[in-house]
Amino acid sequence: MDDVELRRQLERMHAECFGWAMACCGRDSDDAEEILQTVYLKVLDGHAHYDGRSSFRTWMFGVIRRTAASQRRTSWLRGLLLDRDGESVRPEAPSPPDANVESDSRSQTLRNALAQLAARQQQVLQLVFYHDLTVDEAAAVMGTSVGSARTHYARGKARLATLLGDAGDL
Amino acid sequence: MMDDSELRQRFERLRNADRDRVPAFVQTYERARARQPLRVTPRIRPFVIGAAAAVLLVTVWMARARSFSHSETTPAIATWRAPTDVLLDTPGSELLGAMPALGASVLDKMIPTHSMRGT
């Protein structure tokens, strides 16, 4: 895949990759953009090379997941080693426009419910319901076996339904 | 129990809400291109780890070899005597250590002979 084709693929998938990056970093848009920059840099530099064994989207999602995990470890280590007082305070992310308050409220309810799930359950549900992947494809992205992904999917879905029911948002 | 279609609707709304926050592709792409290339440490890291492991192995091997080697001051096992052996040298032990001859008395050994007396 040449650079032009690569750029075209990245541009086509940009919004979807951003959504997945958001899911991988606790829904922080600044972190998600930083992850995407690192991922694009990896792809452009050839550190991440698509070998065609899976679909381009599955491969990109896997790279994003690993990059997010790597950045999470790095920031955790940095927090251990460095004085946290010297860190700059990040400004609050701007709130989305409130054109549809009811829709925002429902999205927030879902975000809160997702945040209470285990990380693997969040990921598999995000991949299946948000990105329309199959559970098998989700397993490939998550780097787990299909059986394990199915277990996370079933338990996560049941727990999410309970949480959303408790929130009175049915 | 909530069915899949309802969950899909909820995730669809979440996706629409997220879409407003997506940065422009050109902005992210150009920022990525403007960033420094990834550090080369991941490439050299295996070599550094290998070299450190080799140094550690050699150090441990040398330390073990030194601890097992016989120094010149170490006595051989045949000539070694326990420090408490002197406690076994009781008075009169030389009388009990030899077989007495017939017709001889143990006191003979204690009485000096003429030749000994002359010296």
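The following exercises with worked solutions concern a predicted model of a complex.

**Exercise 1. Confidence and content of chain B**

Determine how many helices and strands chain B has, and which of its elements have the lowest and the highest mean pLDDT.

*Solution.* Begin with the secondary structure: chain B has five helices and zero strands. Read from the N terminus, its elements follow the order α-α-α-α-α. Next, consider confidence. The average pLDDT of chain B is 78, and 76% of the residues score at least 70. Among the elements, helix H1 (residues 4-19) of chain B has the highest mean pLDDT, 89, whereas helix H5 (residues 114-118) of chain B has the lowest, 51. For the complex, the predictor gives an ipTM of 0.78 and a pTM of 0.64. Finally, consider burial: of the 119 residues in chain B, 6% are buried.

**Exercise 2. The environment of Pro23(B)**

Locate Pro23(B) and decide whether this residue is buried, partly exposed or exposed.

*Solution.* First, the position: Pro23(B) lies in the loop between H1 and helix H2 (25-34) of chain B. Second, the count: 18 other C-beta atoms lie within 10 Å of Pro23(B). Third, the classification: a buried residue needs 20 or more such atoms, and an exposed one has 12 or fewer. Pro23(B) is therefore partly exposed. Fourth, the contacts: when neighbours within four places in sequence are left aside, Pro23(B) touches Thr28(B) and, in chain A, Glu33(A).

**Exercise 3. The side of chain B that touches chain A**

Establish how many residues each chain gives to the contact, and which element supplies the largest share on the side of chain B.

*Solution.* Count by chain: 29 residues come from chain A and 25 residues from chain B. On the side of chain B, the elements giving two or more residues are H1 and H2 of chain B. H1(B) supplies the largest share, with 10 residues. By character, this side of chain B comprises 13 nonpolar residues, 11 charged and one polar.

**Exercise 4. A helix pair in chain A**

Classify the packing of helix H1 (residues 3-24) of chain A against helix H3 (residues 56-81) of chain A.

*Solution.* Two quantities describe a packed pair of helices: the angle between the axes and the distance between them. Here the axes come within 10 Å and cross at roughly 40°. Since roughly parallel requires an angle under 35 degrees, H1(A) is oblique to H3(A). The crossing in which H1(A) passes H3(A) is right-handed. The contact residues of H1(A) include Met13(A) and Trp20(A), and those of H3(A) include Phe61(A) and Ile64(A). Taken together, the contact residues divide into 10 nonpolar, two charged and one polar.

Terms used:
Residues numbered from 1 in each chain as written. Chains lettered and ligands numbered in written order. Predicted model: local features only at pLDDT ≥ 70, side-chain atom pairs only at ≥ 80, totals over all residues. Helix = DSSP H or I, 4+ residues; strand = E, 2+ residues; numbered from the N terminus. pLDDT = per-residue confidence, 0-100. Contact = placed C-beta atoms within 7 Å. Nonpolar A, V, L, I, M, F, W, Y, C, P; charged D, E, K, R; others polar. Axes fitted to C-alpha atoms, helices over the stretch in contact; angles between N-to-C directions. Parallel < 35°, antiparallel > 145°, perpendicular 65-115°, else oblique. Left-handed = near helix turned anticlockwise from the far one by under 90°.
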